[in-house]
Amino acid sequence: MFELIPLRCLKSGQTGEVDQVLGDPQQVHRLQELGLRQGITIEMLQSGSPCIIRTAGSKLCFRPNDALNVLVRPALRR
Amino acid sequence: MSGPDDEKTITVALLGNPNTGKSTLFSALCGVRQRIGNYPGVTVEKKTGNLDIGDRPFELIDLPGTYSLAPRSPDEMVAVDVLLGRGDTTAAPDVIVCIADASNLERNLYLVSQTLELGRPVVLALNKMDLANEDGLALNAELLRERLRIPVVPLQAHRGIGLEELKDELQKAVGAASPSASAPFPEVFNEQVAWLAREANRGRQTPLPRYLVERLLLDVGGYLEQARPPIVDEALFASVRAARQRLAEAGYPAPAVETMARYDWVARVLEGAVIRSDQRRMTFSDRLDMVLAHKLWGTLIFVLVMLLVFQSIFAWAAPLMDGLDRAMGALSDRLTAVMPEGVLRSLVVDGVIAGVGGVLVFLPQILILFAFIAMLEECGYMARAAYLTDGLMSRIGLSGKSFIPLLSSFACAVPGVMATRAIENRRDRLVTILIAPLMSCSARLQVYSLLIAAFIPDRRYLGGWLGLQGITLLAMYLLGAVVAVFVALILRRTVLRGETPSFVMELPSYKLPSLRSVAGRVGESGWSFVQQAGTLIVAVAVLVWAAGYFPHDPHVEQAIRSGYADQLQQLDARLTPAPGQVSRDSQRALQQRAESAEKKALEQRISNEVAAAYMEQSYLGRAGKLIAPLVRPLGWDWRIGCAVIASFPAREVVISTLGVIYQLGGQQNVASPSLRETLREATWPGSERRVFNVPVALSIMVFFALCAQCAATLAVIRRETNSWRWPAFTFVYMTALAYLGGLVAYQVGMLFAG
């Protein structure tokens with residue numbers, strides 16, 4: 001019901017829940033160690049490539065490529 | 001409880017995520033009692049310091065900031081080896097201090113969870129408590145202590161708050177029991193680790209630490225699988241694969257099981273111990289980022305900051321460079337006067353001092369650049385710079401992380417290449433290293449300055465704002481950068497093919513850079529530069545001197561001096577007053593002074609001619625003559641060819657070599673008007689045609705812009721890539737490009753000028 005979108009489609013100001021981190025296992029693992037993993041809520045601060053997102057405690061900039069991508073479930077706007 | 005044990009130094013390892021204030025804590029604890037060393041075989045530096053707590057000596061080891069103890073490279077393996085006390089490193093530390101950023105505990109505790117499995121006593125330092133409060137976080141350190149079963153010390157390292165409590169806990173932690181394994185993993189996992197441990201330790205003298213066995217199981221395709229000396233042989237690798245297979249079947253595939261298990265554990269530990277107020281307040285960092293990280297405004301500000309940095313480097317360094325130059329000149333004059341003529345004097349004055357002077361003279365520029373980079377990194381702006389430049393970088397197959405190394409290379413490629421350590425992707429890092437020398441460095445600036453001042457007319461445009469000379473200088477810098485872009489693209493499509501790397505980077509909160517740590521970093525980097533590059537450049541300058549000195553056939557000198565013998569005799573006769581004549585009147589005195597000045601000038605001219613003749617006869621001179629036909633298409637005569645050959649190990653040498661060859665003696669420098677004049681007047685041997693004109697000057701500059709004339713850079717490339725292949729490749733490709741560039745510049749220039 002709630003669609004999954006790639007991270008880069010999240011708009012500035014939107015929040016979402018990370019559903020999957022996909023790609024080359026080493027890079028995926030690295031991203032997860034940095035805190036970007038399944039189940040956390042993120043806020044898109046500045047969309048684009050690379051984008052700036054806020055996770056629970058930190059700000060990350062991220063540019064996905066074919067070897068690494070993040071799928072999020074955008075939060076509903078009330 | 002006294003005894004020999006009390007005298008033993010306690011070792012403490014300091015571990016934590018980047019940007020947690022680890023260096024601040026390290027400096028706060030050790031003050032000036034710190035030093036940098038080396039771990040053998042890797043590029044990571046060994047940073048240690050000393051302090052006394054009570055009356056016991058402690059040694060602190062500052063490990064590089066890391067997000068996790070899963071080693072992915074020899075450098076990351078160093079931290080694991082130090083913590084486990086393996087290999088060449090000393091025994092395992094007595095205590096491990098894990099420093100965490102209190103406003104980001106979730107991620108920081110991931111590392112703590114790994115640290116707790118190392119089998120050593122651990123103390124958790126919660127730093128930046130003030131920032132956490134600002135962020136609206138309430139932390140219950142007592143609850144954390146209960147749950148983690150290790151000491152937890154809240155700190156504000158930059159204000160010195162909490163340091164005494166930390167020292168207390170360190171003392172108490174010595175000899176304490178290691179933390180009971182927090183067992184974040186499911187039973188199946190622990191079973192597989194136990195099984196694998198038995199398999200691995202069969203036939204081993206010293207059993208592998210449990211943590212390493214765990215890593216073997218978890219790090220699919222990780223560093224441990226290809227470590228040297230090998231930890232895994234074929235048989236063990238088969239067992240590892242079997243264990244991973246069983247884990248995957250049980251629903252816990254490696255490596256995902258690690259992040260799941262550890263973060264679940266972290267969530268349980270933090271439950272109720274960290275309370276986040278619902279409303280997220282805009283922090284100061286957030287406000288700054290609205291401008292500084294803005295795509296348009298941020299980029300504009302960034303360009304301005306870069307211009308400012310470079311302008312300052314050149315403006316502030318100039319007086320210092322002049323001063324140093326004068327000091328070196330004075331020193332060589334002194335020594336020339338004091339020492340007897342001969343090989344030794346020439347070696348010291350023309351070889352060693354010229355070499356040392358060459359290094360020292362652009363030390364101010366490099367130090368100022370280091371200072372700027374250190375300040376920008378400390379305050380957090382560098383991460384934003386990497387973010388802003390990533391768009392451009394990714395178009396040539398790199399990422400924003402390549403930006404700082406390439407920027408540093410504009411002052412000197414040696415620190416630039418060393419800075420590529422921050423780039424994790426191997427291919428990415430290699431491409432950056434290979435194009436770094438194309439960024440026009442300070443040494444090249446000397447060549448540009450001389451040739452532009454001598455040959456580019458000082459035309460002005462836009463009412464005096466824009467000058468042709470300035471534009472030419474800018475063009476030279478841009479040339480290097482543009483060629484670098486093409487080389488990167490070509491490399492990415494041929495030798496170093498691969499995916500454009502993804503880019504992930506943390507943007508730390510902004511903070512005021514501490515002058516103390518900036519000064520410390522500049523001192524360290526400056527010293528390391530002098531040690532590595534400096535010593536090599538001096539050694540190489542001596543080699544070049546030798547090539548330009550030997551074989552020192554005294555007949556050459558005799559021939560020249562005998563040619564001038566008559567002239568000298570005449571002057572001497574005029575200077576000696578005839579017997580009976582007294583130099584009474586001032587006119588006679590003036591005449592005497594003029595004549596002795598004339599004699600001095602003649603003597604100077606003779607020795608310059610001698611020096612030039614020696615160089616022509618030397619190995620260097622012969623080499624210059626040998627390649628003369630090769631460099632003819634570039635518009636160069638054998639003397640330029642000679643100077644260029646001499647400059648191959650170190651570019652700085654070219655100016656003084658040109659001075660000697662054109663009979664001005666070796667003390668010429670960039671600003672010497674006489675060198676400029678002489679170059680303008682120089683003619684081809686046996687003809688009236690001038691050697692130097694604008695196309696020739698351009699071709700020399702283009703050659704220098706693109707050529708790898710720096711033994712120090714090649715040496716550091718060898719060190720950082722651990723092979724001779726890449727420095728050789730760099731040398732070959734750059735020399736080829738430089739030759740082509742010089743050729744094109746001259747031929748095309750002649751079309752326009754001729």
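# Notebook: two chains and a shared sheet

I began with helix 8 of chain B, residues 210-218, and noted that B:V213, B:E214, B:R215, B:L216, B:L217 and B:L218 are buried there. I then asked myself which helices the buried residues of helix 8 of chain B pack against. Looking it up, I found helix 7 (187-201), helix 9 (234-249) and helix 10 (256-270) of chain B as the partners. I remind myself that this is a predicted model, and I read each entry below with that in mind.

**Chain B as a whole**

I stepped back to chain B and counted 30 helices and twelve strands in its secondary structure. Its C-alpha atoms, taken along the principal axes, fill a box of roughly 110 × 65 × 60 Å. Of the 754 residues in chain B, I noted that 42% are buried. Looking at contacts between residues at least 6 apart in the sequence of chain B, I found that 71% of them join residues at least 24 apart.

For the domains of chain B, I copied down the assignment as domain 1 (8-173), domain 2 (187-251) and domain 3 (547-575 + 599-753). Between the C-alpha centres of domain 2 and domain 3 of chain B I recorded a distance of 62 Å.

**A covered strand in chain B**

I turned next to strand 5 of chain B, residues 95-101, where seven of its seven residues are buried. On one side of this strand I listed B:V95, B:V97, B:I99 and B:D101, and on the other B:I96, B:C98 and B:A100, so noting that both faces are covered, given that a residue counts as buried if 20 or more other C-beta atoms lie within 10 Å of its own.

I then followed the pairing of strand 5 of chain B, and found that strand 1 of chain B, residues 10-16, runs parallel to it and is joined to it by five bridges. Within that pair, B:L14 has B:V97 as its bridge partner. Strand 6 of chain B, residues 122-127, also runs parallel to strand 5 of chain B, and here I counted six bridges. One bridge I looked up in this second pair sets B:C98 against B:L124. Tracing the chain from strand 5 through helix 3 to strand 6 of chain B, I recorded a β-α-β crossover that is right-handed.

**Chain A**

Moving to chain A, I found one helix and six strands, which follow the pattern β-β-α-β-β-β-β along the sequence. Chain A has a radius of gyration of 11 Å, and I noted that this agrees with the value near 12 Å that a compact globule of 78 residues would have. The box filled by the C-alpha atoms of chain A is roughly 35 × 25 × 20 Å along the principal axes. Of the 78 residues of chain A, 41% count as buried.

I looked at one residue of chain A in detail, namely A:K11, which I placed in the loop between strand 1 (5-6) and strand 2 (15-23). Is A:K11 buried or exposed? I found A:K11 exposed, because 8 other C-beta atoms lie within 10 Å, and the cut-off for exposed is 12 or fewer. Leaving aside neighbours within four places in sequence, A:K11 is in contact with A:M44 and A:S47. I also noted that A:K11 and A:C51 are 40 residues apart in sequence and 10.0 Å apart in space, C-alpha to C-alpha.

**Where the chains meet**

Lastly I looked at the interface, where 27 residues of chain B are in contact with 28 residues of chain A. On the side of chain B that touches chain A, the elements giving two or more residues are helix 3 (105-115), helix 10, helix 15 (381-395) and strand 12 (503-507) of chain B. Strand 12 of chain B gives the most to that side, with five residues. By class, I wrote down twelve nonpolar, nine polar and six charged residues for the same side of chain B.

Strand 12 of chain B pairs in the antiparallel sense with strand 5 of chain A, residues 59-63, over five bridges. In this pairing I found A:L60 with B:E506 as its bridge partner, and A:F62 standing opposite B:V504.

Which order do the seven strands of the open sheet take? I read the order as 1(A)-6(A)-2(A)-3(A)-4(A)-5(A)-12(B), with antiparallel pairing. Strand 1 of chain A and strand 12 of chain B stand at the edges, and each has a single partner strand, so one side of each is left without a neighbour in the sheet.

Conventions: Residues are numbered from 1 along each chain as its sequence is written. Chains are lettered from A and ligands numbered from 1 in the order in which they are written. This is a predicted model: local features need pLDDT of at least 70, side-chain atom pairs count only at pLDDT 80 or more; totals for chains, interfaces and linings use all residues. Helices (H or I, at least four residues) and strands (E, at least two) are DSSP runs, numbered from the N terminus. The radius of gyration is taken over C-alpha atoms; the globule rule is 2.2 Å times the number of residues to the power 0.38. Domain bounds come from an automatic or database domain assignment. Two residues are in contact if their C-beta atoms, placed from the backbone, lie within 7 Å. Ala, Val, Leu, Ile, Met, Phe, Trp, Tyr, Cys and Pro count as nonpolar, Asp, Glu, Lys and Arg as charged, and the others, Gly among them, as polar. Two strands pair if DSSP finds at least two bridges between them. A crossover is right-handed if, with the strands pointing away from the viewer, the path from the first strand over the helix to the second runs clockwise.
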